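User: I'm new to this one and would like to learn how to read its features. Can you walk me through it?

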Amino acid sequence: MLELIIFAGLAAIVLYQLYAVLGRRVGRQPEDTPAVPTTAAAVDRAPDAPAQIVEDGVALTGLAAVKSKDPGFDVSRFLGGAKTAYEMIVKAFAAGDRAKLRELLAPPVMAGFDTAIAAREAENRSETVEFLHSPRADLEKVEVVGADLARVTVRFLAEFRSRTKGPEGEGVEDRRTAELWTFERQLKSRDPNWTLIHVDAAEA
């Protein structure tokens, strides 16, 4: 009889621990991560951010950490804005619109774009870009660095037509690109805009 009581107690403890682990959202969930020319200078990546700790002792990472700081953060709205920013930046780069680029890029990234634009101008070349389809944007990585600095990496797949003019004449080229763009924003800032801080090539 005593052995049955002991086994029953152990079973209850194991079931409670399983519920505690499986019954709550901890860390990065599958739904948190749905399935141009790279001219920006690389920006040193900060080490992975420590997990955010909430009052009940649960460590929050990824999208959960961002939402804990900014409950109004909406993935669909963010990705829609990211696609708009992507098209604006690619077109501004092609047009050599430095003023527009400075509004959207971190200084190190702007320096890389500026160098590429200057090289193109030195060769007396011009370029325009036309997107063949709306680019695809998928959430790749989300993190909170320090107290409230959010960084979101988006994978972009895009097809666009580039028209160039140079000393040798005009040319048309259809391109397909796959890139990882990392945006950041201070979540406590009144400025709702995100800044592009890093560009990486990606596999299509």
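Analyst: Let's start with the lining of the largest pocket in this predicted model. Its residues divide into 10 nonpolar, 3 polar and 4 charged.

User: How do you find empty space in the first place, and how much space lies in the largest pocket?

Analyst: Rolling a probe the size of a water molecule over the atoms shows where empty space is left. Here, the largest pocket holds about 420 Å³. It is lined by 17 residues, and F78, G81, P192, N193 and W194 are the closest to its centre.

User: Which element gives the most to that lining?

Analyst: That's α3, with 6 residues. The elements that give two or more residues are α3 (75-95) and β6 (169-186).

User: What about aromatic pairs: how many does the structure hold?

Analyst: There are 11. Take Y86 and W181: their ring centres are 4.6 Å apart and the planes sit at 50°, between the 30 and 60 degree cut-offs, so this pair is tilted. Y86 is in helix α3 and W181 in strand β6, so the pair ties together parts 95 residues apart in sequence.

User: Are Y86 and W181 buried or exposed?

Analyst: Buried means under 20% relative accessible area. Y86 is at 0%, so it counts as buried, and W181, also at 0%, counts as buried too.

User: What does an edge-to-face pair look like here?

Analyst: Look at F93 and F113: their centres lie 5.2 Å apart with the planes at 85°, so the pair is edge-to-face. F93 belongs to helix α3 and F113 to helix α5, 20 residues apart. Also, R120 lies over the face of F93, 5.0 Å from the ring centre.

Note on methods
Residues numbered from 1 in each chain as written. Predicted model: local features only at pLDDT ≥ 70, side-chain atom pairs only at ≥ 80, totals over all residues. Heavy atoms only, no water. 1 Å grid on protein atoms, 1.4 Å probe; cavity = no way out; pocket = protein on both sides within 12 Å on 5 of 7 lines; lining within 4 Å. Points joined across faces, edges and corners; volume = space filled by probe spheres on them. Helix = DSSP H or I, 4+ residues; strand = E, 2+ residues; numbered from the N terminus. Nonpolar A, V, L, I, M, F, W, Y, C, P; charged D, E, K, R; others polar. Phe/Tyr/Trp six-rings, centres within 6.5 Å; stacked < 30°, edge-to-face > 60°. Buried < 20%, exposed > 50% of the residue type's maximum accessible area, 1.4 Å probe, protein only. Lys NZ or Arg CZ within 6 Å of the ring centre and 35° of its normal.
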